[in-house]
Amino acid sequence: MTVLSIQSHVVCGRVGNRSAVFPLERMGHEVWPINTVQFSSHTGIAGWRGASFGAAHLAELVGALDAQGFLGRCDAVLSGYMADADTGRAILDAVSAVKKANPSAVYCCDPVMGDTPAGFYVRPELPGFMAREACVMADIVTPNQFEAEVLSGIVPAREDDDMRIADAIHELGPRVVLITSYRKPEGPEDALGFFLSAPEGRYRLMTPRLPFAKPPKGSGDLLSALFLGNFLGAGDAVRALERAASSLYAVLERTLAADSAELALVAAQEALAKPELRFSAERA
């Protein structure tokens, strides 16, 4: 399968395409990366430098791929952090072009907007764009719990609110909703996981929380790539979640053991390609 991955790029670190391309390739997929920015590192590190390429640059590249006849070979589009709504609309134009060339292609959108407890870290127009435009075109969305609450307008307070949140996001357009960094209402503090709502049903998968003093950047980008890669391979959202969660946990374990600030993708690469299935999804 071939994936067009439109995300940020850093020279040092594992975020955006640096967290998605190698895992997808290690899983056996062909990846066409388009970098929306090139930075020295992620912007949380003081002294970072680099440039954003902008919507026109993205449109030029996709237009060339279309004119050259490549887009018919593309099976999926993956997007992550978007610097602004103009870049987001250029990504959606790319999705439209891919789906015109290959109607069976799928679009997986990681609607990056923020997280708990920091809140939003994107421009003010992005949340509305994600809900009203990106999710409308997406087949798969992978928000973290904070982003799922933003998209749905629901703050969970009851045991069944995760289902109400998923239903509200489905109404925006996606047929597969995977909520990451998921916590059960009134659940244990030492467990973290996923809530999946898909044609196969609704499932929860919980994993032990690893004792990071500061969680490494890029784990959300990695999870979206792992889920999409496994979904393309298996065509089954539940199986894709179990494999993706197991791979992610193995990477995080190696990262913690190495006391690294960056995801240990190379050291844990066998777990990307052939994960030991350590976690099972349970029907919600």
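## A tour from helix H2 to the largest cavity

Begin by selecting helix H2 in this predicted model, and colour its buried residues, which are Leu58, Val62 and Leu65. These three residues lie on the same side of H2, because they cover an arc of only 55° around the axis. In an α-helix there are 3.6 residues a turn, so residues three or four places apart point the same way. Now turn the view to the other side of H2, where Ala56, Glu60 and Ala67 are exposed.

What do the buried residues of H2 pack against? Select strand S1 (2–10), strand S2 (30–39) and helix H3 (85–101), since these are the elements that the buried residues of H2 pack against.

Before leaving the helix, place a distance marker between the C-alpha atoms at the two ends of H2, residues 54–67. The 14 residues should span 20 Å at 1.5 Å a residue, and the end C-alpha atoms are 20 Å apart, which agrees. After H2 comes glycine 69, whose phi is positive, near 85°.

Next, select arginine 202, which has its place in strand S11 (residues 201–208). Is arginine 202 buried, exposed or partly exposed? Its relative accessibility is 23%, and therefore arginine 202 counts as partly exposed. If neighbours within four places in sequence are left aside, the contacts of arginine 202 include Met163, Ala166 and Asp167, as well as Phe195, Leu196 and Ser197. Glu282, Arg283 and Ala284 are also in contact with arginine 202. Of particular interest for the viewer is glutamate 282, which is 80 residues away from arginine 202 in sequence, while the two are 8.4 Å apart in space, C-alpha to C-alpha.

Now move to the second largest pocket, which has a volume of about 310 Å³. To find it, select Lys214, Pro215, Pro216, Ser260 and Ala261, which are the closest to its centre among the 16 residues that line this pocket. By class, the lining of the second largest pocket consists of eight nonpolar, four polar and four charged residues.

The last stop is the largest cavity, which holds about 70 Å³ of space. Of its 10 lining residues, Gln145, Pro156, Asp162, Ile165 and Tyr182 are the closest to the centre. Which element gives the most to the lining of the largest cavity? Helix H5 does, with three residues, and helix H5 (145–152), helix H6 (161–172) and strand S9 (176–182) each supply at least two residues of this lining. Colouring the lining of the largest cavity by class gives six nonpolar residues, one polar and three charged.

Definitions and conventions: Residues numbered from 1 in each chain as written. Predicted model: local features only at pLDDT ≥ 70, side-chain atom pairs only at ≥ 80, totals over all residues. Heavy atoms only, no water. Helix = DSSP H or I, 4+ residues; strand = E, 2+ residues; numbered from the N terminus. Expected span 1.5 Å × (residues − 1). Buried < 20%, exposed > 50% of the residue type's maximum accessible area, 1.4 Å probe, protein only. Arc of directions from axis to C-beta. Contact = heavy atoms within 4.5 Å. 1 Å grid on protein atoms, 1.4 Å probe; cavity = no way out; pocket = protein on both sides within 12 Å on 5 of 7 lines; lining within 4 Å. Points joined across faces, edges and corners; volume = space filled by probe spheres on them. Nonpolar A, V, L, I, M, F, W, Y, C, P; charged D, E, K, R; others polar.
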